[in-house]
Amino acid sequence: MINRFLNRVSPFRSVRARFSAVMGGSGIVLGLALTFFMEWHLEDGLSNSARDALNGVADEIAHELKEDLASRQREVSLMAGMIGPHHALDPHSIQQVMDGLQRREDTYAWIGLADMRGRVTAATGGILRDVDVSARPWYSAGLNGVFVGDPHDAVLLAKSLPPRADGEPLRFLDVAAPVQNAQGSAIGVLSAHLHWDWVHRVVVEAVNKRRKKARIEVLIANRTGEWLLQLNTDTKVASNSLQAVLQDPAYLIVSQPVVTEVPPDGLGWTVVVREDVATAYAQVYEIRKLMLAFTALVAVLFAFASWMLAGRLVRPIVALADAAKSHTNVIGTSSAQPGRKALDETLVLGAAMDRLAHRDRLTGLLNREELLNRLHHAIERAAVQHTAAALLLVNLDNFSVLNNTRGHEAGDQMLIAAAGHLQQLEESGAVLARIGGDEFLVLAENLGSDPSLVQRRVTAMAADALEHLRGPFVLGGVACPGQASIGIALVGDDLATADDILQRAELAMLEAKKRGKGQAVMFDQSMRDALHERVQFEQALKGAIPSQLIAYYQPQVHVATGLIGAELLVRWRHPVLGMVSPARFIPLAEETGLIHPLGRWVLETACLQLRDWESDPARNHLVLAVNVSAKEFREQGYVQGVCSILQATGANPQRLKLELTESVWAEDVEEIVAKMQKLKALGIRFSLDDFGTGFSSLGYLKRMPLDQLKIDQSFVRDVVVNASDASIVRAVIALGQGLGLEVIAEGVETVAQREMLCRYGCTSYQGYLFGRPAPVEEFASEIQNGWST
């Protein structure tokens, strides 16, 4: 029993025992030092506390004055704003409003309205009615804007208001605001005189709120240092300057400015609060006498209490260690000291920290850093042993859809279940890791040196992984199918780094996604070459805007009136590659965000061309159509950008037509409709391009402020020989006519197509039958030669 007790209290057995021993020993030393420290620190602490208390009073006074002045200024400005547009109101009605405000807020001594001649036309109680106040400072300042002035003795009101009970002269603070008519012109000044006693009341209330009832002094000075108010001060302070008061060493002193919005440079008032030093430090002098007597007792009690409380203080550490032990199931395995290993909480916490550093918190698999470290060592071993290894990057398909529809909890369950299924690969010696999100890594070593054998083994392992992840997974009682895409990168002797191998696996995984998901793809050099080519192509496109871009124009004609406009089509003339197809660079521009500068250039080019045609009778009726991608149109400042280009170029917006595709409806239809209506109000027309090829909704179509439907060329191409295409074309034409929209067909290349479209009711066309896209010079030449329909 004695051995068991000594075992438990030994400072080498547990964190609790060691912590108690350390705290007990240090408590004795700390208790002895505490006495000397307290005496030194208490004086400084009380000084700071007293200064903080004074600061609190000063802050409250300054804040209350600022807020009250702001409230009065707002009330006066609001009343001026109400009177201005209705200046025809009779003075009696205005006086009633003023009297009501004065009754609600006793701070107001007088409120009056003066006209442009300086005559008071309405005032509280009728006081100073018809008196000329044009010489008063508040009148001239109030004509120019909101005015708040320093306090002053009563002048005109001294005879009209009852005197103070103490015999002191009446003092007021003026607030004024211009009264303006509906055109913004001044038609008078509304002024309010505030009782200066209000400031005294604010100061007294702030002082009385102090917990410590010792006497403090409060002074308020203006920007020139003159005293506006003194509370609890002796008479000699009045003759001292503000600077002298602030530097008086016999007092603890704080000051705060009264910061106001009016006038612009502030009132310049300073609130000074001070307390006699002897009064502030009285408690220090008393405590100093007691501290010496309690020094020894405090030291002993602290040492004893430290020992007694050590067990309680260490409880959270013990609880944390128990939780970590339960969560990680980590138990020491050293045989030298098995008892200590089982009891010492530090080992459990160490194991938990190791898990956090090297394991994924959710799934318990290795994390990214740990697996990359192991991949680095695998590369070294493969080079030395001349045996291959492989890295598989597993990405769960459509995981974001599950996360967004079922919630993050279901997503976490899916990741945990997927990790469990993949762990079956560990039976073959593979190492698994989760590297974030919905991606896992599988590292397989010792696959052999024969390339065909290595490929078969890796392919089989990838097939197993795909099979394991097909599910179904039961999430919250609901069975969900699973699917993954896998990228495979081989580890050989090509001096590739861990980051290189991971990048190869990522490229292969992306290729698997492109091929339709749910499959495994092995990396080959062509993928990297394609990536390199894409990066170079993107850089070339970035440099091509706008210097290498060319605008082509394809005519749009009407069966009866002939040429009615054109569609502007952008072409890229690369100095090496020649003419680059839009089908190649437009998708890349949308993917990389370059569609925004590209689209701005196209729109600006169209507007400049419209401006040039404006003075040509043969062309000023033409409408130019510009394609706008969904990503462009959803841009935050797109409407403003269009307005800026129209304004800068001087183009007629009624000759501009924006062609949108159905994909623009995929997100936030309300915002899209609002943008279209704003542009429509400028005169811009809208055409729905490639109609019938996207996810059309008749409900959306009805709400869109469209002018035209454009039949996609995929339907026009076989309209003569394909009954289904013909039916679709007839339906689109009928739909457009039913909605009151123009209908134009693109891709018209034969007379037979045109005649059939005409019979169906479509009378506007675009296509090779009427002209191929051409630079503006060729297009202008064709205009001179005339167009046939």
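The following paragraphs describe two parts of a predicted model, a four-stranded sheet with a helix packed on it and then helix H25 with its surroundings.

The sheet is open, and its four strands, paired in antiparallel fashion, follow the order S8-S7-S10-S9. Strand S8 (227-231) and strand S9 (251-258) form the edges, and because each of them has a single partner strand, one side of each remains without a neighbour in the sheet. On average, and with direction ignored, neighbouring strands of this sheet are turned by 15° against each other. Within the sheet, strand S7 (residues 217-221) runs antiparallel to strand S10 (residues 269-276), the two being joined by five bridges, and Ile220 has Val271 in S10 as its bridge partner. Helix H5 (residues 197-208) packs on this sheet, where it touches S7 and S8, and the direction of H5 makes about 35° with that of S8.

Further along the chain, helix H25 (residues 723-738) comprises 16 residues and reaches 22 Å from its first C-alpha to its last, close to the 22 Å expected at 1.5 Å a residue. Its buried residues include Asp725, Ala726, Val729, Val732, Ile733 and Gly736; these cover an arc of only 125° around the axis, and therefore lie on the same side of H25. That buried set packs against strand S23 (685-691), strand S24 (708-711), helix H24 (713-716), strand S25 (742-746) and helix H26 (751-760), whereas Ala723 and Gly738, on the other side of H25, are exposed.

Both ends of the helix can also be followed in the model. At the N-terminal end, Asn722 caps H25, with a side-chain oxygen 2.8 Å from the backbone nitrogen of Ser724, while just after H25, Gly740 takes a positive phi of about 75°.

How values were computed:
Residues numbered from 1 in each chain as written. Predicted model: local features only at pLDDT ≥ 70, side-chain atom pairs only at ≥ 80, totals over all residues. Heavy atoms only, no water. Pairing = 2+ DSSP bridges. Axes fitted to C-alpha atoms, helices over the stretch in contact; angles between N-to-C directions. Contact = heavy atoms within 4.5 Å. Expected span 1.5 Å × (residues − 1). Buried < 20%, exposed > 50% of the residue type's maximum accessible area, 1.4 Å probe, protein only. Arc of directions from axis to C-beta. Polar contact = N/O pair within 3.5 Å; in protein donor to acceptor, adjacent residues only side chain to side chain.
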